[in-house]
Amino acid sequence: MNPTSSYITINPTVRFGKPCVKGTRIAVTDILQWLASGMTHQEILDDYPLLQEEHIRAALLFAADRESFIKILPSYATPAIA
């Protein structure tokens, strides 16, 4: 079973459709920002008792999967029309 679909949901009526941990209003971006700010997994779990380690891992997997779909297209200069 894919942990992303088990733990992460997108609902347009919750947090403006941001991907959230199922059953909460905690967005994937919230978890990513906490980790980026230096919080440990245990600090996040202590501060947000609704979360479990699996939720943090699912948020990381969701972000990694989403990142793999981003493609940068080269821009080509268009010739000037005389």
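**Helix α2 and its surroundings**

Let me begin with helix α2, where Q33 and A36 are exposed, and where these two residues lie on the other side of the helix from the buried ones that I will come to in a moment. Please keep in mind throughout that what you see here is a predicted model.

Before going further into α2, a word on the whole protein, for those who have not seen it before. The protein has 4 helices and 2 strands, and if you read along the sequence, these elements follow the pattern α-β-β-α-α-α. There are 82 residues in the protein, of which 27% are buried. About 6,100 Å² of the protein is exposed, and 61% of that area is supplied by carbon and sulfur atoms. As for how the chain meets itself, among contacts between residues at least 6 apart in sequence, 36% join residues at least 24 apart. One example of two residues that are apart in sequence is the pair A63 and L32, which are separated by 31 residues along the chain and by 8.4 Å in space, going from C-alpha to C-alpha. A63 belongs to helix α4, and because its relative accessibility is 23%, A63 counts as partly exposed.

Back to α2, then, which runs over residues 28-36 and has V28, D30, I31 and W34 as buried residues. Why can we say that they line one face of the helix? Looking down the axis of α2, we find the buried residues within an arc of 165 degrees, so they line one face of it. What covers these buried residues includes the strands β1 (8-9) and β2 (20-21), together with the helices α3 (41-47) and α4 (53-69). After α2 comes G38, whose phi is positive, near 110 degrees.

Let me now take three of those buried residues in turn, starting with I31. Not counting residues up to four places away in sequence, I31 touches V21, I26, I44, L51, H55, I56 and A59. I31 is also part of the largest nonpolar core, which has 14 residues, and within that core I8, I31, W34, I44 and L51 are the ones that touch the most other members. Each of α2, α3 and α4 supplies at least two residues of this core, and the largest share, 4 residues, comes from α4. As general background, nonpolar side chains tend to be buried together in soluble globular proteins.

The second residue is W34, which is buried because its relative accessible area is 17%, under the 20% limit. The structure holds 1 aromatic pair, and W34 forms this pair with Y48: the ring centres are 4.3 Å apart and the planes stand at 15 degrees, so the pair is stacked. The pair links distant parts of the chain, with W34 in helix α2 and Y48 in the loop between α3 and α4, 14 residues apart. Y48, at 31% relative accessibility, counts as partly exposed.

The third residue is D30, also in helix α2, and buried with a relative accessible area of 15%. Which residues is D30 in contact with, leaving aside its neighbours within four places in sequence? They are R15 and R25, and in the case of R15 the side chains of the two residues are joined by a polar contact of 2.8 Å.

That brings us to the loop between β1 and β2, where R15 lies. The phi of R15 is near 50 degrees, which is a positive value in a residue other than glycine. F16 is found in the loop between β1 and β2 as well, and its phi, near 60 degrees, is likewise positive in a residue other than glycine. For context, most residues other than glycine have a negative phi. Is F16 buried or exposed? At 83% relative accessibility, F16 counts as exposed.

Finally, let me point to T24, which sits in the loop between β2 and α2 and counts as buried, at 14% relative accessibility. The side chain of T24 reaches the backbone oxygen of V21 at 2.8 Å, and, when its neighbours within four places in sequence are left aside, T24 is in contact with V14 and L50.

Key: Residues numbered from 1 in each chain as written. Predicted model: local features only at pLDDT ≥ 70, side-chain atom pairs only at ≥ 80, totals over all residues. Heavy atoms only, no water. Buried < 20%, exposed > 50% of the residue type's maximum accessible area, 1.4 Å probe, protein only. Arc of directions from axis to C-beta. Contact = heavy atoms within 4.5 Å. Polar contact = N/O pair within 3.5 Å; in protein donor to acceptor, adjacent residues only side chain to side chain. Phe/Tyr/Trp six-rings, centres within 6.5 Å; stacked < 30°, edge-to-face > 60°. Core = buried A, V, L, I, M, F, W, Y, C linked by side-chain atoms within 4.5 Å. Areas by Shrake-Rupley, 256 points an atom, 1.4 Å probe, with all protein chains shown as cover.
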